[in-house]
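Below is a short set of questions and answers for someone meeting this structure for the first time. Please look over the sequence and the model before reading on.

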Amino acid sequence: MLEDMRLFSTIVEQTSLNKAAERLNVSQPALSRRIARLESELEVDLFRRIGKRLELTAAGKLTYEFALELRRFHGSYLQKLNAYKSAEAPTATIGASLTTLQSTLPELITTMTEKHPNLEIKAITGKSHEITTLVKERKVDFGIVASSVIDDSAITSLPLFDDHLILVLPRTHFILERSQLNITDLHGLPMILFAPGTWYRTLTDELFRKHNLKPDVRMEIDSFEAIIRLLAACRAGALLPKSYLREQLLTDNDLYLVRIRELEETKRTTSLIHGDPAWLAPSTRFLIEETIATFARRSILPNELS
């Protein structure tokens, strides 16, 4: 019943079977069958179907009120149950999208394990909507995604920092002989791009289309580290997220950052997401607070070309 009420309330809150199916990471036909089975068990119609639009029936409104009460009751139960658990959790499971796994999570894990040597941190990766589902199903303690989840009442989204793309070039690249670079200089520039299907690649492609740019694409790779190591050998540039670029990384690979106004407009907010606060163990709340504090102390990138 608890799972059925969760599915039902998601449909109500998303106002659409398709949107709810996407949010729940299930197929629309499978979700329709679950709701049909629930209606059969309750012996009432929960929705009135008007074309592609759904409206709650009187029984549906009553059921939604019950679903909300059940959600609150379940959260209260879990909160009380935490009192019987150890306040010091030996493990923490974090969900991370692919790009945050490479750009954000390593620094966070290093910081946390230095402060808490006995803490074991596990990471589960996936697309942002998949991480959201894992958070709602409490399969991870919290998630870090390169987006905000603000349209789901079951998710709390806390911004950590804003990110944008930066042009990275080997210091020996001929184009750096120019006194100033602008967005048009990316046209025809040899470049290594991130693999298709990720937020950063989608953002890059949108940027190219918007400014009618056609770079000379030498490689497409799904690893920031591999891109960094290949830039000098390929005499190419790359558009990488600011959050990944550290001073030591640039020094070790003899790389230079170029500030271009249009790239700074490719902004995306990386956020920490978690479920109902009543479900959070004290140790998880503490880790969330420490994570927010860690990113609040981040320093501004050095060595950028104005």
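Two strands pair if DSSP finds at least two bridges between them. The model discussed here is predicted.

Q: Which residue in β11 is the bridge partner of Val168?
A: Strand β7 covers residues 165-170, and 4 bridges join it to β11. The two strands run antiparallel. In β11, the residue bridged to Val168 is Leu257.

Q: Which residues of strand β11 point the other way from Leu255 and Leu257?
A: In a regular strand the side chains alternate between the two faces of the sheet. Strand β11 spans residues 255-258, and Leu255 and Leu257 point one way from it. All four residues are buried, and those that point the other way are Tyr256 and Val258.

Q: How many helices and strands does the protein have, and what share of its residues is buried?
A: The secondary structure comes to 12 helices and 13 strands. The C-alpha atoms fill a box of roughly 75 × 50 × 25 Å along the principal axes. Of the 306 residues, the buried share is 46%.

Q: In what order do the strands of the open sheet of 5 strands stand?
A: The pairing in this sheet is mixed. β4 (120-126) and β6 (156-163) each have a single partner strand, so they stand at the edges with one side left without a neighbour in the sheet. From one strand to the next, the twist averages 20 degrees. The order is β4-β3-β5-β12-β6.

Q: Which residue in β12 is the bridge partner of Ile144?
A: Strand β5 (residues 142-145) and strand β12 (residues 268-274) run antiparallel and are joined by 3 bridges. In β12, the partner of Ile144 is Leu272.

Q: At about what angle does helix α12 run to β6?
A: Two helices can be placed against strands of the sheet. Helix α6 (residues 105-115) lies across β3 (91-97), β4 and β5, and runs at about 165 degrees to β4. Helix α12 (residues 282-296) lies across β3, β5, β6 and β12, and its angle to β6 is about 20 degrees.

Q: Is Thr104 buried or exposed?
A: Thr104 is in the loop between α5 (98-103) and α6. Leaving aside neighbours within four places in sequence, Thr104 is in contact with Thr99, Ile144, Phe161, Ser243 and Phe295. Its relative accessibility is 1%, and buried means under 20%, so Thr104 counts as buried.

Q: How far apart in space are Thr104 and Leu160, C-alpha to C-alpha?
A: Among contacts between residues at least 6 apart in sequence, 76% join residues at least 24 apart. Thr104 and Leu160 are 56 residues apart in sequence. In space, their C-alpha atoms are separated by 10 Å.

Q: Which residues does Thr133 touch, not counting residues up to four places away in sequence?
A: Thr133 lies in helix α7 (residues 128-136). With a relative accessible area of 8%, Thr133 is buried. The residues it touches are Arg23, Leu24 and Asn25.

Q: About how much accessible area does the nonpolar patch with Val44 have?
A: Val44 is in the loop between α3 (28-42) and β1 (47-50). At 32% relative accessibility, Val44 counts as partly exposed. Together with Met1, Leu42 and Phe66, Val44 forms a nonpolar patch on the surface, with an accessible area of about 340 Å².

Note on methods
Residues are numbered from 1 along each chain as its sequence is written. This is a predicted model: local features need pLDDT of at least 70, side-chain atom pairs count only at pLDDT 80 or more; totals for chains, interfaces and linings use all residues. Side-chain values use heavy atoms; hydrogens and water are left out. Axes are lines fitted to C-alpha atoms, for helices over the stretch in contact, and angles run from 0 to 180 degrees between N-to-C directions. Contact means heavy atoms within 4.5 Å. Patches are made of residues with over 30% relative accessible area and no salt bridge: like charges are joined within 9 Å, nonpolar side chains (Val, Leu, Ile, Met, Phe, Trp, Tyr) within 5 Å. Accessible areas come from the Shrake-Rupley method with a 1.4 Å probe; for residues, only the protein chains shown count as cover. A salt bridge is a side-chain nitrogen of Lys or Arg within 4 Å of a carboxyl oxygen of Asp or Glu. Buried means under 20% relative accessible area, exposed over 50%, partly exposed in between (1.4 Å probe, protein chains only).
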